[in-house]
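Got the viewer open? Here's a short tour, one selection at a time.

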Amino acid sequence: RAGLAGRARAQLGAMQGAESENDSDDSEYDEENNEHNLPVRMTPMEVDVQLQITELVFRAVLEGQRVPVHPSEDITDWQKETCGQAWYQMNVRMKKQVLKKMKKSGEGSPMWMEALAAVGDISWEGLVQSQQGGERLRKTEEVKRSAIVKLFQELYPKLLDSYFARCGFGERTFGPRAALAIMYQFRHDAEVLQLVTECLRIIIHDVADNREGLVEVTVPLPPDERDDSTHKDRGWSFLRIALDALNVQEGGDPFGGVDAERPSEEPGQHGEARVVNCTRAAGLLLARCILSAKNTLAVQVQLRLLREPVPENACRPWQEMKVIVPVVIRKLEELVAEEPIQEYSELLTLLRLAVPEEGDPAEGFASLSDVGASSGMASSGVMVDSTTTIQTTVVD
């Protein structure tokens, strides 16, 4: 108990520096304020204490000792006595912040739950657990296309009508991850691409967390896998996958990787005909989706980083972007020269942020042979200028 109280006091000192001035109300947490009777998440302080208690319980069991039980029926009495009054008051303020965020996003509401459930179904179709325990993308022929189309068709009007549904779709980046996986698998299929891209544009329009999550999430592409115990989101996947799909829709070849060849129109494992359909409409939607995220810090920094030499240990999407961007720039220049297209002109302007300026000491773009299909871990931070370090959770 003494050790738990000491840890709680240390945790309190760390949390006080991050306390918001707008949440200084010290009144008791009132469950009656929970209008929808939502199951309130534990605060980070409660999670930390729970882990410590779990350790103490297991230790007591292994040592054959009786687990002590506090006589009070109210957990707040135990928190005040064991963790201290200051810890309790800080936790009350954090609990109010958690509830406030839940109310804003509609967490637990019917539309929020329906959107999150749909994300689970989409993930089930597009992703699979590998024998090593990691998460990997299914091969396109393994994905039931009709199910994907139906899921996104049913999801689209919900996202369009409900802010809570948009928040549920983006919860912990589950939706953006699943959508990017489908976008990669069906980059030759205009119908699927249009459905996925429209949904992404809607969920990032007025939900800042979704917008930031989409550009900062990392989706390992075949043959790589996602291991939740070691995986760290480093960004790059949105631009890499969206630009690849746009290039394919405008008649280009897909970039690198095991699944890069143009798919056969032979039926897949589910007996469905493989669709190879590329249209200008799908390409324009992809361009609009990218432009909707152009002002995010991650997109701006990632493109500017492409002016610099890519570190040897850079993550795979970063390496591949060094190849993809100049190809897409040339493609867009050709298209705009043939016919002025506003979306492509604006996208071209955005992508030119990656082009080294005259007199820039940075190296030029890499070739496909330089990048290959290798993957690696990015560095812990990237120096953007002499005074600023952008952490890898945003840019690498």
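Start with Ile203: this residue is buried, at a relative accessible area of 0%. Keep in mind as you click around that the model is predicted. Colour residues 190-205 and you'll have helix α9, where Ile203 sits.

Now show what surrounds the side chain. Skipping neighbours within four places in sequence, Ile203 is in contact with Leu159, Arg166, Phe169, Pro176 and Asn210. Want a distance to check? Pick the C-alpha atoms of Ile203 and Tyr156: they are separated by 10.0 Å, though the two residues lie 47 apart along the chain.

Next stop, the empty space. The structure holds three cavities of 30 Å³ or more; head for the second largest, with a volume of about 70 Å³. To see its walls, select Leu127, Glu135, Arg136, Leu137, Arg177, Ala181, Thr218, Val219, Pro220 and Arg226. Which element gives the largest share of this lining? That's β2, with three residues. Both β2 (135-137) and α8 (174-185) supply at least two residues each. Colour the lining of the second largest cavity by class and you get five nonpolar, one polar and four charged residues.

Last, jump to helix α3, residues 75-83, and select its buried residues: Thr76, Trp78, Gln79, Thr82 and Cys83. Look down the axis: these residues cover an arc of only 155 degrees, so they are on the same side of α3. Then step off the end of α3 to Gly84, which follows the helix and has a positive phi, near 100 degrees.

Technical notes:
Residues numbered from 1 in each chain as written. Predicted model: local features only at pLDDT ≥ 70, side-chain atom pairs only at ≥ 80, totals over all residues. Heavy atoms only, no water. Buried < 20%, exposed > 50% of the residue type's maximum accessible area, 1.4 Å probe, protein only. Helix = DSSP H or I, 4+ residues; strand = E, 2+ residues; numbered from the N terminus. Arc of directions from axis to C-beta. Contact = heavy atoms within 4.5 Å. 1 Å grid on protein atoms, 1.4 Å probe; cavity = no way out; pocket = protein on both sides within 12 Å on 5 of 7 lines; lining within 4 Å. Points joined across faces, edges and corners; volume = space filled by probe spheres on them. Nonpolar A, V, L, I, M, F, W, Y, C, P; charged D, E, K, R; others polar.
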